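I opened the model to go through the fold, the core and the ligand surroundings. My entries are in the order in which I looked things up.

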Amino acid sequence: MADPMPISLPPHHPQCLGCGPDNPAGLHLDVHRHGDTVVTDITFDPRHRGAPGLAHGGAISAACDDLFGFVLYLVEEVAVTRTLTVNYLAPVPLGQPHRITARLQHRHGRRLHLEATGTGPDGLTRFTAEALFLTVDHNHFAPHGADTEVQAMFTHHQPHDREHHN
Ligand SMILES: CCCCCCCCCCCC(=O)SCCNC(=O)CCNC(=O)[C@H](O)C(C)(C)COP(=O)(O)OP(=O)(O)OC[C@H]1O[C@@H](n2cnc3c(N)ncnc32)[C@H](O)[C@@H]1OP(=O)(O)O
């Protein structure tokens with residue numbers, strides 16, 4: 001079957017570290033939905049340097065974490081990262097595009113188990129990631145001054161009823 005048509009997904013909010021276009025320190029991820037996966041192409045640059053010529057593991061981890069945040073558009077629930085594990089399989093050179101693909105592996109009640117793969121232009125998978133996100137309601141953000149952009153996000157992500165099936 002032909003690949004599904006990619007659908008562009010909006011940033012979480014303009015200042016988001018991972019995807020916000022207005023965050024000068026951000027990764028500026030541009031994310032698309034492909035069927036039941038979300039995909040971004042990222043080229044780490046000297047701002048993301050760890051060892052000379054190579055991407056910092058924290059930058060890779062941030063990209064994976066934020067991309068997992070886009071799977072929430074598919075799940076249509078608000079959730080936050082409880083655990084994140086990155087397997088750094090091979091060094092990631094700066095200046096080379098890497099495609100990160102993420103998806104929901106399975107759900108168990110409030111627990112969303114997510115997985116991602118990062119692959120270079122040579123076809124080599126240089127990192128994989130797994131995360132556990134836990135669903136939360138809007139009140140999770142309220143004490144921390146949820147801004148209007150995040151509030152707007154919630155209007156697009158009305159959580160389903162809070163009955164979770166464990
Ligand atoms: C769209 C976004 C907004 C808009 C912004 C989007 C930006 C996206 C960015 C990417 C995402 C992020 O970085 S998010 C930012 C980083 N993450 C955070 O700040 C989260 C900080 N942590 C928390 O606030 C809290 O720990 C929560 C809310 C995650 C969970 O607290 P809680 O609600 O009290 O939950 P708790 O009772 O501890 O656990 C709930 C259930 O999960 C189980 N559980 C807990 N830990 C584990 C575990 N490691 N493995 C298995 N199961 C576990 C428990 O046993 C329990 O099961 P049972 O008893 O129910 O059976």
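The entries below go from the sheet to the core and then to the ligand.

**Entry 1, sheet.** I am working with a predicted model. I traced the strand order first and got β1-β2-β3-β5-β6-β7-β4, an open sheet of seven strands with antiparallel pairing. β1 (7–9) and β4 sit at the edges, each paired on one side only. From one strand to the next, the twist averages 25°.

**Entry 2, β2 and β3.** I looked at the hairpin next. Strand β2 (residues 31–34) pairs with β3 in the antiparallel sense over four bridges. I noted His-34 with its bridge partner Thr-37 in β3. Two residues lie between the strands of this hairpin, and Gly-35 takes a positive phi near 60° there.

**Entry 3, β3 and β5.** On to the pairing of β3 with β5, which is antiparallel and runs over seven bridges. Here I found Thr-43 opposite Pro-97 in β5. I then asked why β3 is largely enclosed by the rest of the structure. Five of its seven residues are buried, so the count accounts for it.

**Entry 4, β5 and β6.** Strand β5 (residues 97–108) and strand β6 (residues 111–119) are joined by nine bridges in the antiparallel sense. Arg-107 stands opposite Leu-112 in β6.

**Entry 5, core.** I listed the largest nonpolar core and got 32 residues, with Cys-64, Leu-67 and Phe-68 having the most contacts inside it. β3 (37–43), α1, β4, β5, β6 and β7 each give two or more residues to this core. α1 gives the most, eight residues. As background, nonpolar side chains tend to be buried together in soluble globular proteins.

**Entry 6, ligand.** Which residues are closest to the ligand? I found His-12, Gly-69, Val-80, Thr-81 and Leu-134, out of 22 residues that surround the ligand. By class, the shell divides into nine nonpolar, eight polar and five charged residues. I checked which elements supply at least two shell residues each, and they are α1 (57–75), β4 (79–88), β7 (125–135) and α2 (148–156).

**Entry 7, annotation.** I looked up the UniProt record last. The unreviewed entry lists residues 53–118 as "domain: Thioesterase". In the model this span is 29% helix and 45% strand, and its end C-alpha atoms lie 18 Å apart.

Definitions and conventions:
Residues numbered from 1 in each chain as written. Predicted model: local features only at pLDDT ≥ 70, side-chain atom pairs only at ≥ 80, totals over all residues. UniProt positions renumbered as here; feature names shortened; annotations may be inferred. Near = placed C-beta within 6 Å. Nonpolar A, V, L, I, M, F, W, Y, C, P; charged D, E, K, R; others polar. Pairing = 2+ DSSP bridges. Axes fitted to C-alpha atoms, helices over the stretch in contact; angles between N-to-C directions. Core = buried A, V, L, I, M, F, W, Y, C linked by C-beta atoms within 7 Å. Buried ≥ 20, exposed ≤ 12 C-beta atoms within 10 Å, placed from the backbone.
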